[in-house]
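Here is a short note for a colleague meeting this structure for the first time. Please keep the model open while reading.

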Amino acid sequence: MDAMRILMDEHQSLAAIIHAIRHMIGEIEAGRLQPDHKLLAAMVHYLDAYPEKRHHPKEDEFLFGPLRALTHDADAALDQLEAEHAQAEARIAVLDAAVKAYGENPANFEAFKAAFEDYATFYRTHMMTEEREVLPLIRKHFTAEDWERANAGFIADDPLSGSRPAKAGEEDFSQIFSKLVAAAPAPIGFGAGPYRDD
């Protein structure tokens, strides 16, 4: 089931970025790490652009929409997830403003930390709803034809594997993820920072 494998890989990449930011916040707070504001801003950008432009549309088209057509068992969970997707722009705007304010003034660290923890808690719950409530119903109800369509859709757009080149004006998420990992401090990355956005 390529669709499930790719979806879980994408969830893991998002969880890795969230974990990396949490680790960096802890190290900054303890005085063991000087903040790399460009790296933090790039990680927040990844959390915005990647799920909204590539991840959620695939879930909606190839998994959630077809599941709705097969059963009403997932309606409540899908309603919740769709509402959360619709609120994503406002939610990330709060985090984006907080990381920018922290970059401008170190006194804004606590506000950034609080905004990030709110976002991280939300996103963990969001992914758990998908993985624990919706994906089991997809496995239960999808037909061979549903799986064929979902697998083809996810394989055709697998940004982490670079299965297709980025289109004009589209970000190369596998390259961005590699840059983030390279710049992030050990043990969460290779420690080659500071992050450069060129």
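**Notes on Gly189, helix 5, the cavity and the pocket**

1. Start with Gly189. This residue sits in the segment that follows helix 7 (173-183). The model is a predicted one, and that applies to every point below.

2. Is Gly189 buried or exposed? Its relative accessible area is 12%. Gly189 counts as buried because that value is under 20%.

3. Which residues does Gly189 touch, once neighbours within four places in sequence are set aside? The contacts are Val181 and Ala184. His141 is another matter. It is 48 residues from Gly189 in sequence. In space, the two are 39 Å apart, C-alpha to C-alpha.

4. Turn to helix 5, which runs over 109-141. Helix 5 has 33 residues. From first C-alpha to last, helix 5 reaches 47 Å. That is close to the 48 Å expected at 1.5 Å a residue.

5. Helix 5 also carries a kink. Where is it in helix 5? Look at Val134, where the kink is about 40 degrees. The proline Pro136 follows shortly after.

6. Next, the enclosed space. How many cavities of 30 Å³ or more does the structure hold? There is one. The largest cavity holds about 70 Å³ of space. Its lining has 13 residues. Those closest to the centre are Glu52, Ala88, Arg91, Tyr119 and Tyr123.

7. Which elements supply that cavity lining with two or more residues each? They are helix 2 (37-70), helix 3 (75-86), helix 4 (88-104) and helix 5. By residue type, the lining of the largest cavity has six nonpolar, three polar and four charged members.

8. Now the open space. The largest pocket has a volume of about 190 Å³. Two elements give two or more residues to its lining: helix 1 (2-29) and helix 5. Helix 1 provides the largest share, with six residues.

9. Which residues line the largest pocket? Listed in sequence order, they begin with His11, Gln12, Ala15, Ile18, His19 and Arg22. The list goes on with Ala120, Arg124, Met127, Met128 and Glu131. The lining of the largest pocket divides into five nonpolar, three polar and three charged residues.

10. One link is worth keeping in view. Helix 5 gives two or more residues to the lining of the largest cavity, and helix 5 does so for the largest pocket as well.

Terms used: Residues numbered from 1 in each chain as written. Predicted model: local features only at pLDDT ≥ 70, side-chain atom pairs only at ≥ 80, totals over all residues. Heavy atoms only, no water. Helix = DSSP H or I, 4+ residues; strand = E, 2+ residues; numbered from the N terminus. Buried < 20%, exposed > 50% of the residue type's maximum accessible area, 1.4 Å probe, protein only. Contact = heavy atoms within 4.5 Å. 1 Å grid on protein atoms, 1.4 Å probe; cavity = no way out; pocket = protein on both sides within 12 Å on 5 of 7 lines; lining within 4 Å. Points joined across faces, edges and corners; volume = space filled by probe spheres on them. Nonpolar A, V, L, I, M, F, W, Y, C, P; charged D, E, K, R; others polar. Expected span 1.5 Å × (residues − 1). Bend = angle between axes of the 7 residues up to and from the residue.
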